[in-house]
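Q: Please take a close look at one part of this structure, the metal site, and then at a charged residue elsewhere in the chain. A connected account of the contacts would be welcome.

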Amino acid sequence: MKKPIASLLVCLLFANVLFANTLTDDINQSADKILPKVVEWRRHLHKSPELGNREFKTAAYIEAHLRKLGLEVRTKVAKTGVVGILKGDLPGPVVGLRADMDGLPVTERVNVPFASKEKTEYNGQQVGVMHACGHDSHVAMLMGTAEVLAGMKNKLKGTVVFIFQPAEEGPPAGEEGGAVLMVKEGVMDNPKIDAIFGIHINSQTEIGKIKYKSGSFMAAADWFTIRVKGKQTHGSQPWSGVDPIMTASQIIQGLQTIVSRQSNLTKAPVVITIGKINGGVRENIIPEEMTMAGTIRTLDDEMQKDVHERIKITAQKIAESVGATAEVSIETKTLVTYNTPALVEQMLPALAKAAGKENLIETEWTTGAEDFSYYRLKAPAFFFNVGGMPKGTNPKDAPPHHTPDFYIDDSRLDVGVKAFCNLVFDFDKAQLEKAMKTVAATERQIPVQNCLQPSLFNVQPIGLENALWQSDNFDAVCRNS
Ligand SMILES: [Zn+2]
Ligand SMILES: [Zn+2]
């Protein structure tokens with residue numbers, strides 16, 4: 001009697017493995033099949049890029065596709081955002097997948113048939129518009145994912161929310177937008193998303209490869225302005241006034257010593273950059289005041305708070321020492337993009353199925369920033385990079401993002417589609433919750449963003465207490481920070 005039972009068990013086990021393999025094969029074959037369409041969509045979007053909160057044609061293009069697939073579609077979310085909801089035939093968790101939609105005020109210099117010739121007005125200037133950050137590829141990959149998953153609805157456990165988000169690069173001055181507004185308008189709540197994933201293409205990572213990092217991955221970005229007030233006088237008689245230009249130059253030196261002498265750089269990097277200086281009207285007039293503006297990048301919330309304090313003290317004390325004053329204002333643009341370690345650990349096999357284990361690269365943190373970081377206030381999150389650099393190129397020779405020569409080799413966008421699809425099928429909510437309980441103690445020690453920071457970025461107190469995903473762990477982290 002024993003032998004038949006043992007054989008049956010072996011058979012069942014085999015069938016299980018076989019089914020898992022078949023599912024991955026199904027996904028990957030469908031993604032391979034749809035690749036030519038994904039490339040076509042990406043090139044269409046590349047040719048007609050639109051700036052943040054103005055993605056009208058892009059939104060209509062996405063909407064038409066999602067409706068054709070039979071998804072529930074919501075439009076005008078956070079101005080021009082589109083959300084598609086696909087309910088699988090089987091019960092299961094709710095997974096969010098996000099693609100950003102906006103282009104940049106950059107004039108394209110790349111010689112491809114689908115290069116952008118678009119022009120628009122931006123901050124009162126005529127500018128070219130270009131998908132110089134690759135968001136066209138994100139939209140195309142997510143459209144492809146929606147098509148593949150809609151075709152596998154009978155095998156799909158749970159619900160997938162496709163989030164097409166406007167204005168990742170920041171909304172126009174005076175407007176709200178981006179991930180903050182998507183979260184505020186409830187994109188994570190109805191249905192309540194259990195985990196969210198996002199992809200960014202990378203022009204300096206070879207095609208076929210995926211780069212990821214657990215924990216803090218991308219920096220918090222703050223913008224700051226320092227207004228130095230002195231006393232106007234004749235350029236030939238500086239002693240009769242207080243020179244704000246000389247004071248500003250001392251402040252700039254002082255700010256760099258916050259990075260080089262005062263921050264513990266073995267813990268996490270810090271960047272302070274002054275990108276703009278304005279003041280003065282004429283060679284022989286020492287002006288009354290001048291302003292400078294810049295950005296701060298940090299990867300640790302304690303260091304972020306510390307740097308803010310030091311910038312204020314440095315500017316104010318230097319100004320005071322010469323009889324001037326300095327007003328400092330700091331605005332948080334994005335939080336630290338933090339990848340929930342237990343989620344990363346659970347999902348790495350899914351990424352390996354998409355790209356091959358040998359093409360998964362653990363990377364360092366980056367001082368670039370992403371507003372994807374705001375979704376993490378509501379659910380465990382995982383954001384990673386997919387390669388877009390032609391094979392054999394030296395990354396140093398590959399034009400960076402946001403430049404007129406930015407270029408993406410779109411021949412392997414299937415990797416992103418495969419990654420999204422495999423993540424959806426492999427996500428296990430119960431296992432994640434269990435794993436998070438065991439790592440809770442460790443995570444408390446990992447510095448994460450200050451959860452109350454959105455208030456600095458014009459987010460109404462949307463009941464952040466309620467908004468945070470229902471985990472004791474995350475709650476504790478937030479309260480501690
Ligand atoms: Zn960008
Ligand atoms: Zn981007």
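A: In this predicted model, Cys-133 forms a bridge between the zinc ion (ligand 2) and the zinc ion (ligand 1), and these two ions lie 3.1 Å apart. For the zinc ion (ligand 2), the protein donors are the SG atom of Cys-133 together with the NE2 atoms of His-135 and His-200, at 2.1 to 2.4 Å from the ion. Along the chain, the donors of this zinc ion (ligand 2) are spaced as C-x1-H-x64-H. The two histidines link distant parts of the chain: His-135 belongs to helix H3 (residues 135-150) and His-200 to strand E7 (residues 195-206), 65 residues apart. His-135 has a relative accessible area of 0%, so it counts as buried. His-200 is likewise buried, because its relative accessible area is 8% and the cut-off is under 20%.

The charged residue to consider is Glu-108, placed in the loop that runs between strand E3 (90-100) and strand E4 (119-122). Glu-108 is buried but has no salt bridge, and the nearest side chain of opposite charge, that of Arg-42, is 6.7 Å away. A salt bridge would require a distance within 4 Å. The side chain of Glu-108 does make a polar contact with the side chain of His-46, at 2.9 Å. The Glu-108 side chain also reaches the backbone nitrogen of Ser-116, at 2.9 Å. Leaving aside residues up to four places away in sequence, Glu-108 touches His-46 and Ser-116 as well as Ala-115, Met-130 and Pro-404.

Technical notes
Residues numbered from 1 in each chain as written. Chains lettered and ligands numbered in written order. Predicted model: local features only at pLDDT ≥ 70, side-chain atom pairs only at ≥ 80, totals over all residues. Heavy atoms only, no water. Helix = DSSP H or I, 4+ residues; strand = E, 2+ residues; numbered from the N terminus. Buried < 20%, exposed > 50% of the residue type's maximum accessible area, 1.4 Å probe, protein only. Lys, Arg positive; Asp, Glu negative; His and termini not counted. Polar contact = N/O pair within 3.5 Å; in protein donor to acceptor, adjacent residues only side chain to side chain. Contact = heavy atoms within 4.5 Å. Donors = N, O, S within 2.8 Å, 3.2 Å for Na, K, Ca; no water.
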